[in-house]
Each structure stands twice: as structure tokens, then as C-alpha cells.
Amino acid sequence: CCNLADKLLSFWLLCLLASPVSAAVVSVVKRVIIVAAAALWFGTSISALHAFGVATAAAGVGLYQLAPSAAKARDSELDEEGQPL
């Protein structure tokens, strides 16, 4: 039941997203939520090192998501020969 709902929700969300990078970001966020929910459900404590690892991974994916828009903005400030406007 839950697996079917997860697959249907994933498929629906992928249809809404425009880029594979967005899908990757959603996938990482889903994994973070699953890890946190499992820790709460089973009463497992998360060490500072584990929390740092999860935060680092999430920040890396977020920066990876922002990189294409920053590159596009940088490229729009150059002329045809690659010189600044």
C-alpha cells in the first residue's frame, strides 16, 4: 500500500518537474525526510556527525541546483566573443 502510494506520488511529481536536476533535488530531499522519519519512528538518536553529513549532502544538491542559473546569468553578461559588456 505505502510502496504503491510512494511510486504514484513519485511519478506524479516527476511529471511536474521540468529538469532532471530538479528531480535529483527532490530525490535527495525525500531521502533526508525518510532518514529523519525513521530515526523518529524507531527512536534512534542521530549524532552530530550524521546530522552534519545529511546537511552537507542537502547543501551540495542545493548548490548544484543553483549552478545552472548562475552560469546562465554570467553568460548573459558576455557578448558574442566572450567579452564583458
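Where is Leu9 placed? Select Leu9 and the helix around it: Leu9 lies in helix H1, which covers residues 2-16. The model on screen is predicted.

**Whole chain**

Show the cartoon for the whole protein before zooming in. The secondary structure amounts to three helices and zero strands, and along the sequence the order reads α-α-α. Switch to a surface view. The protein exposes about 7000 Å², and 72% of that comes from carbon and sulfur atoms. Of the 85 residues in the protein, 5% are buried.

**Helix H1**

Return to H1 and pick its two end C-alpha atoms. They are 21 Å apart, in agreement with the 21 Å that 15 residues should span at 1.5 Å a residue. Colour H1 by relative accessible area next. The helix is hardly covered, with a count of zero buried residues among its 15.

Now select Leu9, Trp12 and Leu16. Together these residues make a nonpolar surface patch of about 350 Å². An α-helix has 3.6 residues a turn, so residues three or four places apart point the same way. Is Leu9 buried or exposed? Its relative accessible area is 51%; the cut-off for exposed is over 50%, so Leu9 counts as exposed.

**The largest pocket**

Keep Leu9 selected and add Asp6, Ser10, Leu13, Leu14, Leu17, Ala23, Val26, Ser27 and Lys30; with Leu9, these residues line the largest pocket. Its volume is about 220 Å³. Which helix gives the most to this lining? H1 does, with five residues. H1 and H2 each supply at least two residues of the lining. Leu9 therefore appears twice on this tour, in the nonpolar patch and in the pocket lining, with its exposed state set by the 51% value.

**Helix H2**

Move on to H2, residues 20-42, and pick its end C-alpha atoms. The distance is 33 Å, which agrees with the 33 Å that its 23 residues should span at 1.5 Å a residue. Select Ser22, Ala23, Val25 and Ala39: these are the buried residues of H2. Ala23 is also among the residues lining the largest pocket.

The last stop is Gly43, just after H2, where the backbone takes a positive phi of about 70°.

Methods. Residues numbered from 1 in each chain as written. Predicted model: local features only at pLDDT ≥ 70, side-chain atom pairs only at ≥ 80, totals over all residues. Heavy atoms only, no water. Patch = residues over 30% accessible without salt bridge, like charges linked within 9 Å, V, L, I, M, F, W, Y side chains within 5 Å. Areas by Shrake-Rupley, 256 points an atom, 1.4 Å probe, with all protein chains shown as cover. Salt bridge = Lys/Arg side-chain N within 4 Å of Asp/Glu carboxyl O. Helix = DSSP H or I, 4+ residues; strand = E, 2+ residues; numbered from the N terminus. Buried < 20%, exposed > 50% of the residue type's maximum accessible area, 1.4 Å probe, protein only. Expected span 1.5 Å × (residues − 1). 1 Å grid on protein atoms, 1.4 Å probe; cavity = no way out; pocket = protein on both sides within 12 Å on 5 of 7 lines; lining within 4 Å. Points joined across faces, edges and corners; volume = space filled by probe spheres on them.
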